[in-house]
Amino acid sequence: MREEAQMTAVENDADVIVVGAGPGGSATAYHLARHGVRVLLLEKTEFPREKVCGDGLTPRAVRQLIRMGVDTSPEAGWLQNKGLRVIGGGVRLELDWPDLASFPNYGLVRTRLDFDDLLAQRAVSAGAKLRTSVNVVGPVLDADDRVIGVQAEVGPEKETATFRAPLVVAADGVSGRFPLSLGLAKREDRPIGVAVRRYYRSPAKHDDDYLESWLELRSKDSGDNLLPGYGWIFGLGDGRVNVGLGVLNSSSAFGKTNYRRLLTDWLANTPEDWGMTDESNAEGPILGAALPMGFNRVPHYTRGVLLVGDSGGMVNPFNGEGIAYAMESGELAAEIAVQALARPAGAERERALLAYPQELKARFGGYYRLGGIFVKLIGRPEIMRMATRHGMPHPTLMRFVLKLLANLTDPRGGDAMDRVINAMTKVAPAV
């Protein structure tokens, strides 16, 4: 929808419209509202609502929750974990989260069913206006093709509505319908994954104080042949576990495999007392989702629109983590927007807004470039097999790998591992 220039004088509904109330959108809205910006947070569904996710949060995500004032204690309903248990190459290794100045030393698990609702309410408590059952279908453009609002379908009757603001944040997830409506398609030269997950009742595993990652998957009848992908088992602390697996597009099995069957084949080979070999212990269907990695949609700012989280392809290629980067990019987008809105509309404001993609590139570009190389390497079964068999028996090496994969280093100071990882990301050409 295009608005003539004289129509832009109509009073705006907000200073910033945020499309999507997932972790990235709610973080953006929270940090904007905290700075006194009028924020309209539009969510197409109603809360609580389910999302396909592993439900596990690394210390990087925990830091963002703390920055939003979220109580992450067990008393507030969170299951804390000490680190990552890695299983592969015939080795079972427990790696504690590193002790760092920049990040807490614990991770968390909580289902997205109430996690997203909790973050949206944090945004509301800061002053953001949340509207649910508002399905944004496209932009409102001015005569210069700049986005000055959104068109939406509201409520069960899908009534047409228009909302206006000088800035829009697209935080509408992997589908990226809003950036797509602006012609921003996904880049095919960046890594992407697909993940499936299911909940099981598992008294034996539900209160595990480590996130569990399986680097090698086998079914009962696969013998020495590995199934494609990597798996996880995350205890939820409520009698259930979140179990899933992911496959990257560097694998020959990508797009050619029944991922749901793959999950049940792997689980059939787990110990019987874990409860995952018995279909009667399953809660709900096996659900799947794509993992858009390594900045697979750019530019992250154009024509009055900033992309946040999965909408901008910000999932970590090393470990499939998306929530931390959605929340971090949301906080950064808010900081940039606050500075931009303090300037007159026009060239000065644009100069401030263009700092957003530049800062994202500076923070994550080199790291994501390394992640793209990593994805290509582990997509080759012979390399993955060699890495697990020769790397897993060495705890010091695996502690280095944990820091690299989870992107957990102190930027200044730190130990020798931190300095090596930081140097690697700085010299790698940014994606």
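Trainee: What makes Tyr367 count as buried in this predicted model?

Mentor: Tyr367 has a relative accessible area of 2%. Buried means under 20%, and therefore Tyr367 is called buried.

Trainee: What is the relative accessibility of Tyr368, and how is that residue classed?

Mentor: Tyr368 stands at 2% relative accessibility, so the cut-off of under 20% places Tyr368 among the buried residues. Phe364 is buried as well.

Trainee: Why is the pair of Phe364 and Tyr368 called stacked?

Mentor: The two ring centres are 5.8 Å apart and the planes make an angle of 20°. Centres within 6.5 Å make a pair, and planes under 30 degrees apart count as stacked, so both conditions are satisfied by Phe364 and Tyr368.

Trainee: Why, then, is the pair of Tyr367 and Tyr368 called tilted?

Mentor: Their centres lie 6.2 Å apart, within the limit of 6.5 Å, so the rings of Tyr367 and Tyr368 pair. Their planes stand at 45°. Stacked requires under 30 degrees and edge-to-face over 60, so this pair is tilted.

Trainee: Where do Phe364 and Tyr368 lie in the chain?

Mentor: Both belong to helix 8, 4 residues apart, which is about one turn of the helix. An α-helix has 3.6 residues a turn, so residues three or four places apart point the same way.

Trainee: Which residues form the aromatic cluster?

Mentor: The cluster includes Phe364, Tyr367 and Tyr368, together with Phe295, Phe318, Tyr325 and Phe374. The count of aromatic pairs comes to 11.

Trainee: Which residues of helix 9 are buried?

Mentor: Within helix 9 (residues 381-391), Met384, Thr388 and Gly391 are buried. They cover an arc of only 95° around the axis, which means that they lie on the same side of helix 9. The face turned away from that buried side carries Met386 and His390, which are exposed.

Trainee: What covers the buried residues of helix 9?

Mentor: The covering elements include strand 5 (83-88), helix 8 (355-378) and helix 10 (395-406).

Trainee: What makes strand 8 and strand 18 edge strands in the open sheet?

Mentor: The 6 strands follow the order 8-2-1-12-19-18, with mixed pairing. Strand 8 (129-131) and strand 18 (301-302) each have a single partner strand, so one side of each lacks a neighbour in the sheet.

Trainee: How do you know that strand 2 and strand 8 pair, and in which direction do they run?

Mentor: A pair needs at least two bridges. Strand 2 (residues 39-42) and strand 8 are joined by 3 bridges, and they run parallel. Leu42 stands opposite Arg131 in strand 8.

Methods:
Residues numbered from 1 in each chain as written. Predicted model: local features only at pLDDT ≥ 70, side-chain atom pairs only at ≥ 80, totals over all residues. Heavy atoms only, no water. Buried < 20%, exposed > 50% of the residue type's maximum accessible area, 1.4 Å probe, protein only. Helix = DSSP H or I, 4+ residues; strand = E, 2+ residues; numbered from the N terminus. Arc of directions from axis to C-beta. Contact = heavy atoms within 4.5 Å. Phe/Tyr/Trp six-rings, centres within 6.5 Å; stacked < 30°, edge-to-face > 60°.
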